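Trainee: Please pick one part of this model and take me through it closely. I would enjoy a connected account more than a list.

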Amino acid sequence: MAGAERRKGDRVVFELTNPDLEDDSKDLRVRKEALGIRRDKCLGDAYTEVFTIQNYVVETAEFTLQLHYEADFADMFVVRGMHPGKRG
């Protein structure tokens, strides 16, 4: 997937494309880079996330979109590479 990211304050936009999408029989359903996928995240009074999918080819694209979210609540300073000092 190709990607681009734009940030403005409390908003981030990702511009992506799709990999080859196959069905359960391994038949090609949607060819690589046929779809433009825009993921727009905004954090204000509430968190919103908007997905916009655009088909760039003349063939109809049929697929299932599944979203899976996880959280681990790791310390943000550790995630960014800082090592915590001795505590206590």
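Mentor: Happily! One convention first: a residue counts as buried under 20% relative accessible area, as exposed over 50%, and as partly exposed in between. Keep in mind, too, that this is a predicted model.

My choice is strand β5, with the strands beside it and the loop before it. For orientation, the protein chain has one helix and six strands, and their order along the sequence is β-β-β-β-β-β-α. Of the 88 residues, 14% are buried.

Start with the pairing. Strand β5 covers residues 35–43 and runs antiparallel to strand β2, residues 11–17, with seven bridges joining the two. It also pairs with strand β6, residues 47–55, again in the antiparallel sense, this time over nine bridges. β5 and β6 make a hairpin, with three residues between them. Ile37 is a handy place to see both pairings: its bridge partner in β2 is Leu16, and in β6 it stands opposite Ile53.

Now for the charged side chains. Asp40 and Arg11 form a salt bridge, and their closest N and O atoms are 2.5 Å apart. Because Asp40 sits in β5 and Arg11 in β2, this pair ties together parts that are 29 residues apart in sequence. How accessible are the two partners, Asp40 and Arg11? Asp40 has 14% relative accessibility, so it counts as buried. Arg11 is at 34%, which falls between the two cut-offs, so it counts as partly exposed.

A second salt bridge crosses between these strands, with Arg38 and Glu15 as partners and 2.8 Å between the closest N and O atoms. Here Arg38 belongs to β5 and Glu15 to β2, and the two are 23 residues apart. Arg38 is partly exposed at 27%, and so is Glu15, with a relative accessible area of 30%. These two pairs belong together: Arg11, Glu15, Arg38 and Asp40 are linked in a network of salt bridges.

On the β6 side, Arg39 forms a salt bridge with Glu49, where the closest N and O atoms are 2.4 Å apart. This pair links β5, which holds Arg39, to β6, which holds Glu49, across 10 residues of sequence. Arg39 counts as partly exposed at 24%, while Glu49, at 19%, falls under the 20% cut-off and therefore counts as buried. For the whole model, the count comes to five salt bridges.

β5 also contributes to the nonpolar interior. The largest nonpolar core has five residues: Val30, Ala34, Leu35, Ile37 and Val57. So Ile37, which pairs with Leu16 and Ile53, is also a core member by the rule that core residues are buried and joined through side-chain atoms within 4.5 Å. As background, nonpolar side chains tend to be buried together in soluble globular proteins. Val30, another core member, has contacts beyond its sequence neighbours that include Leu35, Pro19, Ala61 and Phe63. Ile53 appears in a surface setting as well: with Phe63, Leu65, Leu67 and Tyr69 it forms a nonpolar patch of about 480 Å² of accessible area.

Finally, step back into the loop that leads to β5. Arg31 lies there, between β4 and β5, and is partly exposed at 46%. Leaving out residues up to four places away in sequence, it touches Asn18, Pro19, Asp20 and Val57. Arg31 and Val57 are 26 residues apart along the chain, and their C-alpha atoms are separated by 9.4 Å. Glu33 occupies the loop between β4 and β5 too, and has a positive phi of about 65° although it is not a glycine. With a relative accessible area of 46%, Glu33 is partly exposed.

Technical notes. Residues are numbered from 1 along each chain as its sequence is written. This is a predicted model: local features need pLDDT of at least 70, side-chain atom pairs count only at pLDDT 80 or more; totals for chains, interfaces and linings use all residues. Side-chain values use heavy atoms; hydrogens and water are left out. Two strands pair if DSSP finds at least two bridges between them. Helices (H or I, at least four residues) and strands (E, at least two) are DSSP runs, numbered from the N terminus. Buried means under 20% relative accessible area, exposed over 50%, partly exposed in between (1.4 Å probe, protein chains only). Contact means heavy atoms within 4.5 Å. Patches are made of residues with over 30% relative accessible area and no salt bridge: like charges are joined within 9 Å, nonpolar side chains (Val, Leu, Ile, Met, Phe, Trp, Tyr) within 5 Å. Accessible areas come from the Shrake-Rupley method with a 1.4 Å probe; for residues, only the protein chains shown count as cover. A salt bridge is a side-chain nitrogen of Lys or Arg within 4 Å of a carboxyl oxygen of Asp or Glu.
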